Every structure is written in C-alpha cells, then in structure tokens.
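Colleague: I am new to this structure and would like a close look at a single part of it. Could you take me through the second largest pocket and the parts of the chain around it?

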Amino acid sequence: MSAVPHQGCDRAIAAAAGAPEVTPAPADHPRIVLATTILASSLAFIDGSVVNVGLPAIGRSLHADGGVLSWIINGYLLPLSALLLLGGAAGDRFGRRRILVLGVALFALASAWCALAPTATLLVAGRIVQGAGAALLMPNSLAILGTHFQGEARGRAIGIWAAVGAAAGAIGPLLGGWLVDVTGWRAIFFINLPLAAATIVLALRYLRADAPAAGDLRTDDAATGLARAAARPAATLDIAGAATASIGLAALTWGLTVATSGAGLHWQSGLGIVVGVVLMLLFLRVEQRAGDSAILPLSLFHSHSFSGLNLMTFLLYGALGALLLVLPFVLIEYDHYSASEAGAALLPLPVVIALASSTMGRLAGKLGPRLPLTAGPIIVAAGFMLAMRIGGGSYWTTTLPAMLVIAIGMAVAVAPLTTAVLSSVDAAHSGVASGFNSAVARAGGLFTTALLAAVLGAQGAALLDAFHVAALACAVTALASAGCAYRWIAA
C-alpha cells in the first residue's frame, strides 16, 4: 500500500503527541532531529509501497503462487496493524529513542533477511519481522516530534514530516520499479540497510535519551514533570491484548487467503476463519478487563462518530489497498509494462493527494466533515468504475483517468478524516484514537490483500477478468464507506 494516504492518520498521532498543555525543552539540533525522524518513518513508508511493483519478479524468482504473494504483503501489514498501538505504549514506558532504535535495528535485520531469502517461506517470515520493526519505529518517530519541538516549531516539524512522507510514498514505486529492472528484486530490501544505519547513528547522537511521555512534561516545570514520571509506576503494557489481536488477525487472514486461492474453502481455511473471529471477540473481552491499560480502550466506541469513522476508514482504505496491490501486477503481467513503468503509473495518486489535501482540509473546516467524507468515497468509487477499462488499451485513456479520479476522491477525504477522528473523542484519548484509526487503515489493506489471492494467481485473460471483478467490488466498498460517513458523522 502507498504511504501517502496514511499520512493523515499518522500525522494525527504526532499532533496528538504535541498537545497544547505540553512544553518540552527545545531540541539542541532541531534540523537533525527532524531528519532522523523522517529517515526512520521513511523506511516503513517506502517499504510499504516498493514491494508491490516487485511482486511479479518475486513470484517468478521464488516460484510463488498467488496465495504466497499475498502473504508477502500481509506478512508486513499484519504485525504493523496489530502492534502499532503497542509500539507507541512501549515508547512511553521504556523511552522513545530506545524503542525507535530497536525498531530500526529490527527492520534492518529483517530487510537483510528478506534480501537473502532463498525461498518464499523465508521471505514471508522476514516480512513479518519487518512489520514488527515498523510497528515499533513509526509511532515513536512521530511522538519524538512532540517531545523535541514546541509551539509553532512543532507544527512546522509535523508539516515537513508529512510532506516528506508524501514524497517518499511517491518515490517508492518508482524507485522500486527501477531497482527491480536494473538489479533485481532483492535490491529493494538491501537499500534499507544504509538508511537504517544512518538513522541509528543520528538517533543515538542527537535524540534525547529515554524521554518520558509528552504528557509527563507539564507547563509548570519540566524538571518537576520528570521527577513525577520517575516516581510514578510505569504503565502496564497490554501484552495479552496485543497477542490476542495479532494471533486473531493472523488466523483470520490465513483462512481468507487460503479460501480465495486455488485451494478454495475447506475445513482448514474454515477453521482458520472461525478461530480468527473467536480470538477477535476474545480480544474485546481482554480489552474490557484491561481498563485503562488496554491498547484499545473500549470506551472510545461510546462515540457513534468514532465507530462510524473507523468503519468508513476500513472500507475506504481496504478498497484503495486492493488497487495499489493488483494494478501494478496487472500492468506488468497483462500489459507487459516494465517494473519502472508500473511504478510510474501509480505516480498521479500521491502527487494529487499531496497537492490537494491541504486545500481540502481548509474547505472541510468551513463545510464540516460530513460532506467531504461522503463525497470523497463516491468520487473514489467512480474512479474504480473507470479502472474496469484498464487492460490492453493506452495508459493515457485507461489507467491515467482512473488514477486521477481516485486521487481526487482520496484528497477530498484524507484531511477531513484526520480532523473528524480527533474531534470524535475527548482530548485525553486523541492519541490512541488517531493511532487506532491508522491501524484500521492498514488492517483494511490486510484483509483485501487476503481476498486477492485468486487475482494474483491468475494469468492472461483470466487475470484481467479477475481484476475487473475486483475493481467493481472496490467501487461497491467505497460507496459503502460513503454511506457510513453520511449515516454516522455529524454535519
């Protein structure tokens, strides 16, 4: 999935970390601190998009079928979706710099593992470790902005971080396609190693060590806040909740992947789906008993707007994730694009979103969130209907119009979605609410990828037919997300 559509969700986490009541000490080297957080988050953003254009080459090299190819994507998305909130909580407890460095190091080791993997099974295992590393580094790279900057400087830092992240999302498919064409698919993992090494060196040199949670530094006196944080017992990490959610998502994803691949629905895939559903229901029970220590406080769902926004997010980003996965695959396998050309074909999406989101954010401030959050997904659905024309024709008359319409629809929805999520809960829960919304966006991509095994396993005319069916299903899903916005979001 592209990094750019997630910028609104992830930026909200950083904004929440920089709540007005917090006054951190200014960073000694603000530009280097900002560069360090950008480098760290760019690892996860770029890797989340470059692998999509490399899937055909990976499949041929490792003799992987559609089900295995979908797991190369979901192996990354699964731990990232399930552990994102836990990664932020670990940073609050053990120190954000420490967890950031740990996440980057884990990500780098997993990247080397993926680059050297001799089999598809070992590649999937490496992707799982990569996702766990990303879940540690992403929330803490954002939270560090809140603890090293204050006032207007914090807002500028967050804005720069978001803009560079958008650029990384745009460059990712292009870079990945070029690397696949020139040096082979393994290079898309090797390139992470120097970036990770630079991030670790800068973090250890310029980031403050073991900063407490931003809320521990009150406006009265920073030293007093530090003393209080040291004296107060550390918050309990919700390991049971994270484990239950992770195993439940894994079982459900595995069952759906097998059921939609050549194997079809049988007792094993059915058992996986049932176990996944049962564990997700158990997760809700675990979170209810965990109370304030839960990674997902269930009290958030007392807000109908919050529930509706997250259902809308799941549907809209699930549809978008499906497109970003299967479109380059179809362009390469059916229309015989090079990997570089397939990556370039995705470029209109992040460019339009990056250019138009700020304008739409201001417009949504005047109109309220309901109208843009309803209109945006409807426009996206129209783009998916246009995508049913892709295959065998000119890029300029088939792929480009669909990408532009989808991009415009996403630009209409992204900024208002961030604002609406933060407004749907009280200020004390804004951080976890925005973090959960970001995890939901990625979980949408997780489940749609699991359902696309049949598309990734098809060839020739069957591949094009399967893609058109998927595009139609995505259009319906986008319309359903518009219905959620209209039904549950206040005008």
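**The second largest pocket and its surroundings**

Modeller: In this predicted model, Phe-301 is partly exposed, because its relative accessible area is 29%, a value that falls between the limits of under 20% for buried and over 50% for exposed. Phe-301 is placed in the loop between H11 and H12, and its C-alpha atom is separated by 9.8 Å from that of Ser-424, although the two residues are 123 residues apart along the chain.

The helices on either side of that loop bring us to the pocket you asked about, since H11 and H12 are among the helices that each supply at least two residues of its lining. The second largest pocket has a volume of about 740 Å³, and of the 26 residues that line it, Met-280, Phe-283, Leu-296, Phe-436 and Val-440 are the closest to its centre. Alongside H11 and H12, at least two lining residues each also come from helix H3 (66-94), helix H10 (239-260) and helix H17 (430-450), while H12 gives the most, with six residues. Sorted by class, this lining holds 21 nonpolar and five polar residues, and no charged ones.

H11, which spans residues 267-290, also includes Trp-267. This residue is exposed, because its relative accessible area of 63% lies over the 50% limit. Together with Leu-271 and Val-275, Trp-267 makes a nonpolar surface patch of about 330 Å².

Conventions. Residues numbered from 1 in each chain as written. Predicted model: local features only at pLDDT ≥ 70, side-chain atom pairs only at ≥ 80, totals over all residues. Heavy atoms only, no water. Patch = residues over 30% accessible without salt bridge, like charges linked within 9 Å, V, L, I, M, F, W, Y side chains within 5 Å. Areas by Shrake-Rupley, 256 points an atom, 1.4 Å probe, with all protein chains shown as cover. Salt bridge = Lys/Arg side-chain N within 4 Å of Asp/Glu carboxyl O. Helix = DSSP H or I, 4+ residues; strand = E, 2+ residues; numbered from the N terminus. Buried < 20%, exposed > 50% of the residue type's maximum accessible area, 1.4 Å probe, protein only. 1 Å grid on protein atoms, 1.4 Å probe; cavity = no way out; pocket = protein on both sides within 12 Å on 5 of 7 lines; lining within 4 Å. Points joined across faces, edges and corners; volume = space filled by probe spheres on them. Nonpolar A, V, L, I, M, F, W, Y, C, P; charged D, E, K, R; others polar.
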